[in-house]
Amino acid sequence: MSLAGRLYKLQQLDLELQKKQQELSEVENQLGDNKALVSAELRLASQKEQLEDARKKQKSSEWELEDLQEKIRQIDSKLYSGKTKDPKELVNLEKEVKGLKSQTTIKEDILLGLMSLTEETEARVKTTAGELEKLKKEWEQRQETLRPRKSEIEIALAELQEERERSAEQIDSEAFGIYERIRITTGQAVVKVERGRCLGCHITVPTSQWQKTKAGDLIQCNNCSRILYLE
Ligand SMILES: [Zn+2]
């Protein structure tokens with residue numbers, strides 16, 4: 001195989017290596033990406049706090065209502081026991097009951113509102129907990145698929161790396177240096193010549209160079225400096 005041919009083969013290995021490294025980093029990103037899971041966990045924690053708060057408020061509203069009802073019962077028993085005879089006191093007691101009853105109506109409305117808030121929050125917690133469960137399962141499944149994929153890529157990469165080293169050993173250091181320099185600046189150091197044109201820049205290659213390339217010399221394109229290769 002000509003020197004340009006060996007460099008072309010080395011380039012194919014380098015491109016394959018690049019592709020595999022890209023795949024590896026994509027798999028690693030996916031393995032590490034738990035943003036959706038973390039955000040669902042945070043959402044659930046905050047909704048649980050809201051639920052606890054709503055339940056506390058409901059409980060204390062229930063107690064306030066019970067206190068009011070107890071007060072009304074006590075006054076009612078005074079009113080209807082017959083022990084209180086003083087008409088003025090009776091009128092006052094009736095007034096007090098009336099006031100307490102209107103307070104009760106207000107408190108009952110508040111309690112109803114708090115009860116529906118608790119119910120809504122409970123429903124939200126349930127929904128988020130379900131979503132979190134689903135996300136966890138998906139996450140675990142993804143880990144199970146991606147871990148072996150990662151190992152496969154790592155093995156392929158190691159093999160390619162070895163093959164690349166073997167290929168590079170067959171190329172003299174000067175040519176290897178030229179190859180690496182052009183690779184860094186242009187991304188692709190070796191290009192084929194087809195129908196007399198350099199496939200790197202599409203400029204026609206002079207016949208003399210074309211012939212030297214054919215003879216196996218290491219020739220670079222006059223225009224783009226890439227190493228020319230003829231199959
Ligand atoms: Zn060129």
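**A walk through a spread-out chain**

Of the 231 residues in this protein chain, 32% count as buried. Keep in mind from the start that you're looking at a predicted model. As for the surface, the chain exposes about 15500 Å², and carbon and sulfur atoms supply 50% of that.

Let's start with the parts list. The protein chain has five helices and three strands. Reading from the N terminus, the elements go α-α-α-α-β-β-α-β. The radius of gyration is 42 Å, well over the 17 Å that the globule rule gives for 231 residues, so the chain is more spread out than a compact globule. You can see that in the box as well: along the principal axes, the C-alpha atoms fill roughly 130 × 35 × 25 Å.

Spread out or not, the chain has plenty of contacts between residues far apart in sequence. If you take the contacts with a separation of 6 or more, 71% of them are between residues 24 or more positions apart. Charges are worth a glance too. There are 40 positive and 43 negative side chains, and the centres of the two sets lie 3 Å apart.

Now for the helices, beginning with helix 3, which covers residues 87-169. Trp-139 sits in this helix, and it's a good place to see a long-range meeting. Its C-alpha lies 9.1 Å from that of Asp-33, although the two are 106 residues apart in sequence. Leaving aside residues up to four places away in sequence, Trp-139 touches Gln-30, Leu-31, Asp-33, Asn-34 and Leu-37. Of these, which spot should you zoom in on? Try the Trp-139 and Asp-33 pair, since both the contact and the C-alpha spacing of 9.1 Å are there to look at.

Stay in helix 3 and go on to Arg-147. Here the partner to find is Glu-28: the two residues are 119 positions apart along the chain, yet their C-alpha atoms are separated by 9.0 Å. Is Arg-147 buried or exposed? Neither, quite: with 48% relative accessibility, Arg-147 counts as partly exposed.

For the opposite kind of pair, go back to the beginning of the chain. Ser-2 lies in the segment before helix 1, which spans residues 3-32. From Ser-2 to Lys-88, 86 residues along the chain, the C-alpha separation is 123 Å. What does Ser-2 touch, once residues up to four places away in sequence are set aside? It touches Gly-216 and Tyr-229. With a relative accessible area of 30%, Ser-2 is partly exposed.

Tyr-229, one of those contacts of Ser-2, brings us to the sheet. Three strands make up an open sheet in the order 2-1-3, with mixed pairing. Strand 2 (197-198) and strand 3 (227-229) are the edge strands, each pairing on one side only. Strands of a sheet pair through backbone hydrogen bonds, either parallel or antiparallel.

Take the parallel side first. Strand 1, residues 190-194, runs parallel to strand 3, and three bridges join them. Two of the facing pairs are easy to pick out: Val-190 stands opposite Ile-227, and Val-191 stands opposite Leu-228. Strand 1 is also mostly covered, with four of its five residues buried.

On the other side, strand 1 and strand 2 run antiparallel, joined by two bridges. Glu-194 has Arg-197 in strand 2 as its bridge partner. The hairpin of these two strands has two residues between them, and Arg-195 takes a positive phi near 50° there.

That leads to a bit of backbone geometry. Most residues other than glycine have a negative phi, and most peptide bonds are trans. Arg-195 isn't the sole exception to look at. His-202, found in the loop between strand 2 and helix 5 (207-215), has a phi near 65°, a positive value in a residue other than glycine.

Where is Ser-225 placed? Look in the loop between helix 5 and strand 3. Its phi is near 70°, again positive in a residue other than glycine. Ser-225 is partly exposed, at a relative accessible area of 35%.

Conventions
Residues are numbered from 1 along each chain as its sequence is written. This is a predicted model: local features need pLDDT of at least 70, side-chain atom pairs count only at pLDDT 80 or more; totals for chains, interfaces and linings use all residues. Side-chain values use heavy atoms; hydrogens and water are left out. The radius of gyration is taken over C-alpha atoms; the globule rule is 2.2 Å times the number of residues to the power 0.38. Buried means under 20% relative accessible area, exposed over 50%, partly exposed in between (1.4 Å probe, protein chains only). Contact means heavy atoms within 4.5 Å. Accessible areas come from the Shrake-Rupley method with a 1.4 Å probe; for residues, only the protein chains shown count as cover. Lys and Arg count as positive and Asp and Glu as negative; His and the chain ends are not counted. The place of a charge is taken as NZ of Lys, CZ of Arg, CG of Asp or CD of Glu. Two strands pair if DSSP finds at least two bridges between them.
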